[in-house]
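Student: I would like to go through this model one question at a time. Please show me the sequence and structure.

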Amino acid sequence: MSSAQPDWKVQLFKLNFDESEIEAVVETLRSGWITMGQRTLDFEAAFAKELGHGSRCLAVSNGTAALHVAVLALGITTGDEVIVPSLTFIADINSVKVSGGVPVLADVISMADWSMDPADIEKKITPRTKAIMVVHYAGYSCAMDEIVSICKRHKLALIEDCAHAPGGDYKGQKLGTFGDVSAWSFFTNKNISVGEGGMVVVRTEALYQKCKNLRSHGMTVASFDRMKGRASTYDVLEAGLNYRMDEMHSSLGLVQLEKLPAANARRGELTARYFTHLDKIKEISVPFRHYDRGTPTWHIMPILLNNGIDRQGIIEAMKNDGVQTSIHYPAIQDFTAYRECAGEVPQAREICRRELTLPLFPTMTDAQVDLVCDSLARAVLPKI
Ligand SMILES: Cc1ncc(COP(=O)(O)O)c(C=O)c1O
């Protein structure tokens with residue numbers, strides 16, 4: 001089997017790492033303490049400060065763990081329905097399903113605004129609905145005023161999947177501060193990258209304790225406390241898991257959090273340059289082109305190919321030009337495990353068929369944006 005990789009001129013994503021990340025990890029390794037300890041506490045505190053709104057943070061091993069903790073902490077169990085996004089990564093739907101819940105898909109607002117549609121969410125509420133889970137797709141906020149008000153009216157819990165959203169806001173309020181629980185991912189390609197990592201954010205003492213128990217075996221004491229001489233024994237308060245973050249990942253998180261404002265600002269500049277070029281290509285359209293709900297995080301650069309354009313052909317043509325592309329996301333109901341998933345979502349299904357993601361990362365150059373757009377413009381031209 002060949003391990004040769006295509007010689008990309010523009011990769012889909014590149015790490016925004018320099019010597020600071022390397023030094024942070026080396027320093028951690030030299031410190032003699034590598035499992036959850038002071039660096040994790042510092043990362044949680046810095047994240048909480050950044051979010052404000054009385055946020056309390058618990059670092060976890062990845063974004064899926066964060067979602068699982070969120071679902072379990074809210075007591076979602078067998079037969080409980082949770083309204084979930086249809087244009088998202090499968091972890092959202094899986095986290096409900098593995099907890100015994102029933103995911104019910106909600107559609108997007110329109111072919112131009114791909115956020116979850118509050119009207120469709122409300123239509124799908126039944127007496128069995130326990131919670132609504134939203135995702136701020138690509139870092140563009142959902143319509144939070146409407147969604148929070150639906151949750152209040154129907155007495156439903158709200159989970160925010162903020163995997164795409166570090167640093168973003170809705171009308172000035174930080175994303176991740178609207179839900180009962182918000183779940184974050186720091187996977188490699190995210191706006192904060194640590195390899196594998198995540199965060200659970202809550203605002204009440206009760207939920208904080210519940211999530212803390214779920215993160216670490218329900219134990220009252222961690223190894224770090226024992227090392228500090230603070231305790232020699234422990235109690236187990238309730239059943240829990242091991243979803244802890246280690247010190248190497250937390251030290252990366254601290255460096256990445258500091259870089260976030262500049263990195264997001266650069267993503268914003270690159271997106272604006274993309275918009276200028278893409279507006280001239282009539283075979284495609286760009287979602288969120290007139291977005292006005294707050295500051296996005298520009299996590300990815302999705303476009304919509306016109307109906308009838310051969311997506312696979314475009315992917316191949318761009319690959320031949322050295323440009324890597326991707327798809328965010330395949331339709332949930334096309335996956336074997338979710339063929340029978342509840343919730344009609346015609347617009348999302350159409351988007352999943354025609355979406356293409358162009359490269360976007362903070363160290364990308366203007367010339368690379370130009371190259372991607374030239375390649376796309378050639379690829380979409382009708383072949384005669
Ligand atoms: C929207 C969304 N939710 C959840 C996840 C799961 O996060 P992780 O890969 O850290 O488990 C991801 C990314 O991978 C994601 O993009």
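The questions and answers below go from the domains to the core, the ligand shell and some single elements.

Tutor: This is a predicted model, so local features need pLDDT of at least 70 and side-chain atom pairs count only at pLDDT 80 or more, while totals for chains, interfaces and linings use all residues. Residues are numbered from 1 along each chain as its sequence is written.

Student: How far apart do the C-alpha centres of domain 1 and domain 2 lie?
Tutor: The domain assignment of the protein chain gives domain 1 (19-257) and domain 2 (260-380); such bounds come from an automatic or database domain assignment. Between the C-alpha centres of the two domains the distance is 25 Å.

Student: Which element gives the largest share of the side of domain 1 that touches domain 2?
Tutor: In domain 1, 37 residues are in contact with 31 residues of domain 2, contact being C-beta atoms, placed from the backbone, within 7 Å. The elements giving two or more residues to this side of domain 1 are strand E3 (102-106), strand E6 (169-170) and helix H9 (247-278); helices (H or I, at least four residues) and strands (E, at least two) are DSSP runs, numbered from the N terminus. The largest share, five residues, comes from E3.

Student: Which element supplies the largest share of the largest nonpolar core?
Tutor: A nonpolar core is a set of buried Ala, Val, Leu, Ile, Met, Phe, Trp, Tyr and Cys residues joined through C-beta atoms within 7 Å. Buried means that 20 or more other C-beta atoms lie within 10 Å of the residue's own, exposed means 12 or fewer, and partly exposed is in between, with C-beta atoms placed from the backbone. The largest core has 100 residues, and Val60, Ala66 and Val69 are among those with the most contacts inside it. Its largest share, eight residues, comes from H3.

Student: How many residues surround the ligand?
Tutor: A residue is near a molecule if its C-beta atom, placed from the backbone, lies within 6 Å of it. Helix H3 (63-73) and helix H4 (91-98) each supply at least two residues of the shell. The closest residues are Gly63, Thr64, Phe89, Ala163 and Ser185, and the number surrounding the ligand is 14.

Student: What covers the buried residues of H7?
Tutor: In helix H7 (residues 205-215), the buried residues are Lys210, Cys211, Lys212, Asn213, Leu214 and Arg215. Their cover includes H3, strand E1 (56-60) and strand E9 (198-202).

Student: Is Ala46 buried or partly exposed?
Tutor: Ala46 is found in helix H2 (residues 38-51). Beyond its neighbours within four places in sequence, Ala46 is in contact with Leu254 and Leu257. Because Ala46 has 16 C-beta neighbours inside 10 Å, this residue counts as partly exposed.

Student: Which residue in E12 stands opposite Met301?
Tutor: Three strands form an open sheet in the order E10-E11-E12, with antiparallel pairing; two strands pair if DSSP finds at least two bridges between them. The edge strands, each pairing on one side only, are strand E10 (284-285) and strand E12 (355-358). Strand E11 (residues 301-305) pairs with E12 over four bridges. Opposite Met301 in E12 stands Leu358.

Key:
Two residues are in contact if their C-beta atoms, placed from the backbone, lie within 7 Å.
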